[in-house]
Amino acid sequence: MSTTNASASDDFGSAAQRERRRRILDATFDLAKTGGFDAVQMRAVAERADVALGTLYRYFPSKIHLLVSALGQQFDQGAERLAARDIPGETKADRVLFVLKRMSRGMQGDPKLTEALTRAFMFADSSVSAEIHKVGMSMTSVVTHAMYGGVPDEATVSAEDAAIARVIGDVWLSTLVAWVTGRSSAEETAQHMETAVRLILRD
C-alpha cells in the first residue's frame, strides 16, 4: 500500500485502522497544544500514539500531511457540533459570521495548536493536495451549513452558494494566517472577516 492510499482510504478501512488513525491525530493535537509546530515530531507522535514509526509514515508521509489532516479533522468536528444546534441570525451573513467568529475564538483560545495547524497549511505543497482539498471541503460544508441555517440537503445547495462558501472559507483562512503571523490582532481579523462576509452576502 502506498503512503497516499493509506491516508486517503483510511476512512473506509478496518476498525483497527480507524482507531490507529484516531490515536495518531489525538497525539498530534496533544503535542501541538503544548509545544506548537516544533513539538510535533514524527517520532514523538508515534511514541505517544503507540504505533511504529514506519506505520505512522504509511498513514502520513510527512509532518505537514499530518498537521493538515489534523486541521481538516478540527473543521469536521466543528461541523458536527454545528449540526446539533440552531444557528442564530436573520440573514445568511449574520449566520455565517456567528459561526466563523465562534470558530475563530476557539482557535485563538488555543494559540499553539492554531499556530501549528496554520503553519502546516501555509507550508503545504502539491504533495499535500488531497489533504488540502479535504480541508477546503470541510470549510465549505461549515459555511453552507451556516448560510442555510442548518444542515442542507446537498441537492438544494446551488452552485453559486457553493462557490460563495469556498470564497468565504478562503478569506477566513487568510485572516487566520494574518493573526498567526502577527500581522493583525484578533479584533482586526474579526472586523476584516465581517467586512468581507457582508460584502459577499448582501441580502
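Begin by selecting helix H3 together with its surroundings: helix H2 (15–35), helix H4 (53–59) and helix H5 (63–83) are among the elements that cover the buried residues of H3. Helices here are DSSP runs of H or I with at least four residues, strands are runs of E with at least two, and both are numbered from the N terminus; to cover, or to be in contact, means having heavy atoms within 4.5 Å. The model on screen is a predicted one, in which local features need pLDDT of at least 70 and side-chain atom pairs count only at pLDDT 80 or more, while totals for chains, interfaces and linings use all residues. Residues are numbered from 1 along each chain as its sequence is written, and side-chain values use heavy atoms, with hydrogens and water left out.

**Helix H3 and its two faces**

Now show the side chains of H3 itself, residues 42–49, in which Met42, Val45, Ala46 and Ala49 are buried. Buried stands for under 20% relative accessible area, exposed for over 50%, and partly exposed for what lies in between, with a 1.4 Å probe and protein chains only. If you turn the view to look down the axis of H3, the buried residues fall within an arc of 100°, so they line one face of the helix; the arc is that of the directions from the helix axis to the C-beta atoms. An α-helix has 3.6 residues a turn, so residues three or four places apart point the same way. On the face of H3 turned away from the buried side, select Arg43 and Glu47, which are exposed.

**The loop between H3 and H4**

Move on to Asp50, which follows H3 and is found in the loop between H3 and H4. Asp50 is not a glycine, although its phi is positive, at about 60°. Is Asp50 buried or exposed? With a relative accessible area of 64%, Asp50 is exposed.

Val51, in the loop between H3 and H4 as well, is buried, with a relative accessible area of 12%. Leaving aside neighbours within four places in sequence, Val51 is in contact with Arg20, Arg23, Ile24, Ala46 and Leu56. A distance drawn between the C-alpha atoms of Val51 and Arg20 will read 7.6 Å, although these residues are 31 residues apart along the chain.

**The annotated stretches**

Colour residues 41–60 next, where an unreviewed UniProt entry places the feature "DNA-binding region". UniProt positions are given in the numbering used here, with feature names shortened, and the annotations may be inferred rather than shown by experiment. Over residues 41–60 the chain is 75% helix and 0% strand, with the end C-alpha atoms 12 Å apart. Widen the selection to residues 18–78, where UniProt places "domain: HTH tetR-type", again from an unreviewed entry; over this stretch the chain is 80% helix and 0% strand, and the end C-alpha atoms are 19 Å apart.

**Two buried residues in H6 and H9**

In helix H6, select Val99, which counts as buried at 2% relative accessibility. Beyond its neighbours within four places in sequence, Val99 is in contact with Leu82, Ile87, Val142 and Ala146. In helix H9, select Asp161, which is buried, with a relative accessible area of 10%. With neighbours within four places in sequence again left aside, the contacts of Asp161 are Lys92, Thr144, Met147 and Tyr148.

**The cavities**

Finish with the enclosed spaces, where the count comes to two cavities of 30 Å³ or more. A cavity is a set of points, on a 1 Å grid over the protein atoms alone, where a 1.4 Å probe fits but cannot get out, and lining residues have an atom within 4 Å of a point. Grid points are joined across faces, edges and corners, and a volume is the space filled by probe spheres set on the points.

The largest cavity holds about 80 Å³ of space, and among the residues to select in its lining are Leu100, Ser104, Trp172, Trp179 and Met193. Helix H6 (92–108), helix H9 (159–180) and helix H10 (186–200) are the elements that give two or more residues to this lining.

For the second largest cavity, of about 40 Å³, select Leu71, Thr118, Phe121, Leu173, Leu176 and Val177, which line it. Which element gives the largest share of the lining of the second largest cavity? H9 does, with three residues.

Notes: 1 Å grid on protein atoms, 1.4 Å probe; cavity = no way out; pocket = protein on both sides within 12 Å on 5 of 7 lines; lining within 4 Å.
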